[in-house]
Amino acid sequence: MSPAAELVLDREVRDWVLLPLTACVLLMQLLRQYVTQLFSGSKVTTADPAKIDEMRRKMALARSGLLRANAGWIPEGAFRQRKAFFVAKDTGVFQEKVEKPDMQQMMMTNPDMMQGMMKQQLFGLLPQLALGALVNFFFSGFILGKTPFALSPKFRVMLQRGIDLPSLDPSYFTSLSYYFLLLFGLRGVMMLLFREKAINDAQQMMQMQQMQMGPMSGMFDAEKAFAAERQQLGLTEHKWRLEGSEGRACKVLKQQLRGA
């Protein structure tokens, strides 16, 4: 078969492969979403002092960044007062001595943290493995369609999973490739349906990588963040951006009066 040959796809493939595969993936995503909400909603959350302190420090860093970005729009006295609030030698917010949390102590005081993370990852992994095996058994080896634009042979591995036809045009995609496309493409649909409660697969993958790298790898280091922000804010100089604005305003007003 020449690469330029056009394939005529059977309508039965649409009825027995395309539509059932789309429905299976959509139902699996909905099942994961509702199961995750069920288990997360049954927990009684309490205020964690460590989380409150971490949020307070992050908000202080955000306020300092806004101060650096908008320093020229406030008077010099107000800027120096705010700058001293953050970087003063003894009383500044960024001079606070932050103790690094002990992960073992956190696990002892809150044993549900690791258990909750494992449950969340388990609920995300098992349905995908089960559906992947189902799709590989029932829907493998079908060509579902063709992209409306030409593609280079480099895309063959990505779009033609499950078949080995070197002479086939790379623009055609198979059922397995369509399955992986649905797994990542339905994220936007879930966001429209569930908004901020939608499952974030990318975030779960990052959490799994952080757990493999070590328990302290993904934690917020307030001491380093404070030192970096203290240095940046200390180098920030005030430059009044409204200098001479009164004269320019009077000039524009005179021109308007003359024109009237």
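## Nonpolar cores and a surface patch

In this predicted model, the largest nonpolar core holds 18 residues, of which L21, V25, L131, V135, L144, Y178 and Y179 touch the most other members. Helices α1 (11-41), α5 and α7 (175-185) are the elements that each give two or more residues to this core. Leaving aside residues up to four places away in sequence, Y178 touches L18, L21, T22, L144 and F173. A second core of 13 residues is separate and includes V87, V93, F226 and L233.

Helix α5 spans residues 112-138 and contains L125. On the surface, L125 joins L122, L126 and L129 in a nonpolar patch with about 370 Å² of accessible area together. The relative accessible area of L125 is 40%, so L125 counts as partly exposed.

The unreviewed UniProt entry lists residues 122-144 and 176-194 under "transmembrane region". In the model, residues 176-194 are 95% helix and 0% strand, and the end C-alpha atoms of this span lie 27 Å apart.

Totals for the chain are as follows.

| Property | Value |
|---|---|
| Share of the 260 residues that count as buried | 26% |
| Share of contacts between residues at least 6 apart in sequence that join residues at least 24 apart | 71% |
| Area exposed by the chain | about 18,600 Å² |
| Share of that exposed area supplied by carbon and sulfur atoms | 62% |

The secondary structure comprises eleven helices and two strands. Along the sequence, these elements follow the pattern α-α-α-α-α-β-α-β-α-α-α-α-α.

Methods. Residues are numbered from 1 along each chain as its sequence is written. This is a predicted model: local features need pLDDT of at least 70, side-chain atom pairs count only at pLDDT 80 or more; totals for chains, interfaces and linings use all residues. Side-chain values use heavy atoms; hydrogens and water are left out. Patches are made of residues with over 30% relative accessible area and no salt bridge: like charges are joined within 9 Å, nonpolar side chains (Val, Leu, Ile, Met, Phe, Trp, Tyr) within 5 Å. Accessible areas come from the Shrake-Rupley method with a 1.4 Å probe; for residues, only the protein chains shown count as cover. A salt bridge is a side-chain nitrogen of Lys or Arg within 4 Å of a carboxyl oxygen of Asp or Glu. Helices (H or I, at least four residues) and strands (E, at least two) are DSSP runs, numbered from the N terminus. Buried means under 20% relative accessible area, exposed over 50%, partly exposed in between (1.4 Å probe, protein chains only). UniProt positions are given in the numbering used here, feature names are shortened, and annotations may be inferred rather than shown by experiment. A nonpolar core is a set of buried Ala, Val, Leu, Ile, Met, Phe, Trp, Tyr and Cys residues joined through side-chain atoms within 4.5 Å. Contact means heavy atoms within 4.5 Å.
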